[in-house]
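Visitor: I have a structure on screen and would like to learn how to read it. Could you take me through it, feature by feature?
Guide: Gladly. Here it is.

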Amino acid sequence: MRSVIHELIISFHSHMDECRHLLRLARNNSEDNVVNALMKSAIVLAIAYWERHIEDLLLKGCAYISDSLRNPLDLPLKTRQVIAESSVTNKRESNPEAFSSSVWAFSGDGWSRKYKEYVQKRADALNTASIKNVREAFADIFGIKDVFPN
C-alpha cells in the first residue's frame, strides 16, 4: 500500500508542476488578458487535480483494504454502517424478497464488492473536494475521524 500511496503522491506533484508552469508563464507575461487566462487555467487545473487525487486515494485505499482484509467485521463500525445503508435499500416489510436478496449479497466476498461499489459511488459523487467533503468521505470509507488534523 505504501508504494501505491507513494505513486499517487508523485502523480499529484507531477500534475501540480503543470499548474506551477502556468503560473511561471503568467509571471513572465505582461499582457493582462494572457495573465488572467493563465492564472484561471492554473486554478482550474489545481482544483481538478486535487479532486482526482482524493478520488484516487479513496479508490486505491478501498481496493487495498477489500483485497487484504479477511473479515469484514474488522472494518470500522461507521464504514460497515454506511455500506449496509447504501446497499440494503429495500424495506423488510414492503419487499421481503428484495430485502433478502440485498442482505445475501454480502455473503462470501460480497461485502468486498459492496464496499468497492459504495466507494466508487462516493468518488463519483465527490463534485467538490472541499475539506468538509473529504473529511466525511474518509470518515465513512476508512473510519478516519479527521484526515486533516491541525
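Guide: Start with tryptophan 50. At a relative accessible area of 28%, tryptophan 50 is partly exposed. Keep in mind that this is a predicted model.

Visitor: Which aromatic residue pairs with tryptophan 50 in a tilted way?
Guide: Phenylalanine 148 does. The ring centres of tryptophan 50 and phenylalanine 148 are 6.4 Å apart, with 35° between the planes. This pair links distant parts of the chain: tryptophan 50 is in helix H2, phenylalanine 148 in the segment after H6, and 98 residues separate them. Phenylalanine 148 is partly exposed, at 25% relative accessible area.

Visitor: How should I describe aromatic pairs in general, and how many does the structure hold?
Guide: Two quantities describe a pair of aromatic rings: the distance of the centres and the angle of the planes. The structure holds three aromatic pairs. One of them joins phenylalanine 12 and tryptophan 50, with centres 6.0 Å apart. Their planes meet at 65°, so this pair is edge-to-face. Phenylalanine 12 sits in helix H1 (residues 2-27) and tryptophan 50 in helix H2, so the pair ties together parts 38 residues apart in sequence.

Visitor: Is phenylalanine 12 buried or exposed?
Guide: Phenylalanine 12 counts as buried, because its relative accessibility is 17% and the cut-off for buried is under 20%. Put the rings together: Phe12, Trp50 and Phe148 form one aromatic cluster.

Visitor: Now the interior. What should I look for?
Guide: In soluble globular proteins, nonpolar side chains tend to be buried together. Here the largest nonpolar core has 19 residues. Ile54, Leu58, Tyr115, Val119, Phe138 and Ile141 have the most contacts inside this core.

Visitor: Which helices each supply at least two residues of this core?
Guide: Helix H2 (32-68), helix H3 (77-87), helix H5 (110-125) and helix H6 (131-142) do. H6 gives the most, with five residues. Another core lies apart from this one. That other core has five residues, among them Leu22, Ala26, Leu38 and Ala42.

Visitor: Take one residue of the main core. What does isoleucine 54 touch?
Guide: Leaving out residues up to four places away in sequence, isoleucine 54 touches Leu126, Ala129, Val134 and Phe138.

Visitor: How do I read a helix such as H6?
Guide: An α-helix has 3.6 residues a turn, so residues three or four places apart point the same way. Check the length of H6 next. At 1.5 Å a residue, its 12 residues should span 16 Å, and the end C-alpha atoms are 16 Å apart, which agrees. The buried residues of H6 are Val134, Ala137, Phe138, Ala139, Asp140, Ile141 and Phe142. They pack against H2, H3 and H5.

Visitor: Aspartate 140 is on that list. What does aspartate 140 touch?
Guide: Its contacts are Lys78, Thr79, Val82, Tyr118 and Arg122, not counting residues up to four places away in sequence. Aspartate 140 is buried, with a relative accessible area of 11%.

Visitor: What follows H6?
Guide: Glycine 143, whose phi is positive, near 75°. Isoleucine 144 also lies in the segment after H6. Isoleucine 144 is partly exposed, at 33% relative accessible area. Its contacts are Arg135, Phe138 and Ala139, not counting residues up to four places away in sequence. C-alpha to C-alpha, isoleucine 144 is 21 Å from arginine 113, and the two are 31 residues apart in sequence.

Visitor: What about the cysteines? How many disulfides are counted?
Guide: A disulfide is a covalent bond between the sulfur atoms of two cysteines. The count here is zero. Cysteine 19 is buried, with a relative accessible area of 4%. Cysteine 62 is buried too, at 2%.

Visitor: Where does cysteine 62 lie, and what does it touch?
Guide: Cysteine 62 lies in helix H2. It touches Tyr115, Lys116, Val119 and Phe142, not counting residues up to four places away in sequence. The C-alpha atoms of cysteine 62 and lysine 116 are 6.4 Å apart, although 54 residues separate them along the chain.

Visitor: Last point: confidence. How do I use it?
Guide: Where pLDDT is low, the predicted coordinates should not be read in detail. This chain averages a pLDDT of 89, and 93% of the residues score at least 70. Among the elements of the chain, helix H4 (residues 96-104) has the lowest mean pLDDT, 71, and H2 the highest, 95.

Note on methods
Residues numbered from 1 in each chain as written. Predicted model: local features only at pLDDT ≥ 70, side-chain atom pairs only at ≥ 80, totals over all residues. Heavy atoms only, no water. Core = buried A, V, L, I, M, F, W, Y, C linked by side-chain atoms within 4.5 Å. Buried < 20%, exposed > 50% of the residue type's maximum accessible area, 1.4 Å probe, protein only. Helix = DSSP H or I, 4+ residues; strand = E, 2+ residues; numbered from the N terminus. Contact = heavy atoms within 4.5 Å. Expected span 1.5 Å × (residues − 1). pLDDT = per-residue confidence, 0-100. Phe/Tyr/Trp six-rings, centres within 6.5 Å; stacked < 30°, edge-to-face > 60°. Disulfide = S-S within 2.5 Å.
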